[in-house]
Amino acid sequence: MLIFFMQYCLRMMWIEEKHSDNAYKSTDVRWLKQEHFQRLEAILDAMMREMENVYSDYLSCIRYSLTQYNKYPSDYCKGQHWNIRDTNYLKMLNIFLHNNYKTDETKKDVVIWCYLSNLPFVEERQDLNKKNLYEYLRTMKKILNNNRESCRAARALWCGDGIKDKQIVYARYYVQGIPQYYTGCTNEQCNEVVCFLNDIVVLNKRFEASVSTWLSNNDIQKCKSDLCKNVVMKEFAKQYSPDKETIEQYENLSFINGLADNFLTYDGETCYLKEFCTAAFHTEISTICLDNKPHQYIDILKFIFINRINIGKISFTDIAVSWQNYQGDRGATHRCYGAILLPHAWCDFFTSEMGMPISENALEYPLHSLPDGWISANRRIVQPKDTDVYGMRGFAAHAETHAVWDISDFLANYDWILSDTDGKFIVNGVQTDSLPVYLNDYNGENFIFDNLSHNIKIYFSAEQHLNNALLYRFKAFNESSEKERINNFDAYLKEKEGYISIRNMYGSRFFIKLNEMK
């Protein structure tokens, strides 16, 4: 273990000097000088003193996907980012030391190097203490969290017979170059991020010189990675911002985790919070609970609805959704390519590269009342079909899908009815002798029959989620109405719960069952 550790440290020293590990050979010691051995000795001594008190605290990494589904391939379990609030570097060091023989993984472990290489200076210098070091490491992890890749694989899960019991597992972004022994899921090959990680190692060397002036502009311009260079410049802008303290409050939110660009406007060497970042807005999002339940997706859609977010500008395109049929591991895995998904993790929503498109227009109905699924090219929410094999539960054996909501045509999602001659009815264009069972249950004193028309369709649905969408549309229509407005809409629904109402809205007529909106 000690030999591997020493090789790790010497390789990092090589990168500091050469800005690359090209030509580095662990068996070649001819380049070493006395200063390298003295520094290695100082790191070892400081490390041994630190290791006396290993404790448990935050996780070194945060994963934003649904971790209860880790049995699926790593493509569906990504979302990992460095946790900028974590200061338990002793725990990280303990994990690192037990895994430092994993050469490919330790090459990526630049955070532990930023920690180890500065420990001796914490002990030697009076102006540098652990707080300074932890603030510095927080900044380095923020920089690393910008080195993200987009995942284009999602998973559809069967969790029950109803269309509301289907779930999509998806985390859009994951940070490249986090060693596998921290994340617990397989990482990508690191070839594409070597330049970024090497820049961090080189920049880290400058921290030893001065705490107050950590980096000069000349140091930043030496970065070989344009991404790293741009991110470091933004970190400088935050330091000189009049909103610095509030910006840090946003950064520390667990689902933002340092990636606060969507809340900021950069202006030369400084930056400012955007207009929508009011105290009330911060209080609202501070109450968000980052959990690993499907409700995270539902809560995101509620936030979108309340804050009038333009969903057309926050959707992720060209996603491959896969699912297993009812036979499980013994059956086939089906895939649908070119799917569109809305954010399913808070991190994806708040840190999306597409920003925070707040609209002035209210949404007529909420997506959170609808089933989960992917959006097809023709603007429909789609799910895999259930199996029709007797006694079996799960998705169909063949790659069959069906639309559960039409985004492009609101009325197309509902049944409709007209009265016909001789006491008959026309339901969805077909003549029938009796009312649909759902409407017949509410036909006391001929309420349904007396409100039917020969030429004006009345739309309705027995499905709870579809009726719930009607309730939200009813509420939006009521708020915009100048006549016959219901002042306390929620109280009205509670008072009339269980009744059915007929309403004219936006040029169409509906039967709506009144109950609490979900």
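In this predicted model, helix α1 and helix α2 touch through L2, F5, M6, C9, L10, M13, E16 and E17 on the α1 side and through H36, R39, L40, I43, L44 and M47 on the α2 side. Sorted by class, the residues of this contact comprise 10 nonpolar, one polar and three charged. Helix α1 covers residues 2-18 and helix α2 covers residues 34-50, and the two pack at an angle of about 125 degrees with their axes 11 Å apart. Angles that fall outside the parallel, antiparallel and perpendicular ranges count as oblique, and α1 and α2 are therefore oblique to each other. The handedness of the crossing of α1 and α2 is right-handed.

A second helix pair can be read in a similar way. Helix α7, made of residues 130-145, and helix α11, made of residues 226-239, have axes that come within 9 Å and cross at roughly 135 degrees. The helices α7 and α11 are therefore also placed in the oblique class, and their crossing is right-handed. On the α7 side the contact is made by T139, K142 and I143, while α11 contributes C228, V231, V232, E235 and K238. Divided by class, the contact of α7 with α11 holds four nonpolar, one polar and three charged residues.

Helix α7 also takes part in a salt bridge, in which the side chains of R138 and E251 meet at 3.0 Å, N to O. This pair links distant parts of the chain, since R138 belongs to helix α7 and E251 to helix α12 (residues 244-251), with their positions 113 residues apart. Side chains of opposite charge can pair when their charged atoms come close. Over the whole structure, a search finds 15 salt bridges.

Further along the chain the reader comes to a sheet. Six strands form this open sheet, in the order β16-β15-β14-β17-β19-β18, with mixed pairing. Strands β16 (430-432) and β18 (500-505) stand at the edges and have a single partner strand each, so one side of each is left without a neighbour in the sheet. From one strand to the next, the twist averages 30 degrees.

The edge strand β18 is joined by six bridges to strand β19, residues 508-513, and the two run antiparallel. Along this pairing, N504 stands opposite R509 in β19, and I502 has F511 of β19 as its bridge partner. The strands β18 and β19 form a hairpin with two residues between them, and Y506 in the turn has a positive phi of about 50 degrees.

Which strand pairs with β19 in the parallel sense? Strand β17, residues 458-460, does so over two bridges, and within this pairing the bridge partner of Y459 is F510 in β19. Strand β19 thus takes part in an antiparallel pairing with β18 and a parallel pairing with β17, in keeping with the mixed pairing of the sheet.

A helix completes the picture of this region: helix α18, which spans residues 464-480, lies across β18 and β19 and runs at about 120 degrees to β19. The hairpin strands β18 and β19 are therefore the strands across which α18 lies, and one of them, β18, is an edge strand, so one side of β18 is left without a neighbour in the sheet.

Methods: Residues numbered from 1 in each chain as written. Predicted model: local features only at pLDDT ≥ 70, side-chain atom pairs only at ≥ 80, totals over all residues. Heavy atoms only, no water. Pairing = 2+ DSSP bridges. Helix = DSSP H or I, 4+ residues; strand = E, 2+ residues; numbered from the N terminus. Axes fitted to C-alpha atoms, helices over the stretch in contact; angles between N-to-C directions. Contact = heavy atoms within 4.5 Å. Parallel < 35°, antiparallel > 145°, perpendicular 65-115°, else oblique. Left-handed = near helix turned anticlockwise from the far one by under 90°. Nonpolar A, V, L, I, M, F, W, Y, C, P; charged D, E, K, R; others polar. Salt bridge = Lys/Arg side-chain N within 4 Å of Asp/Glu carboxyl O.
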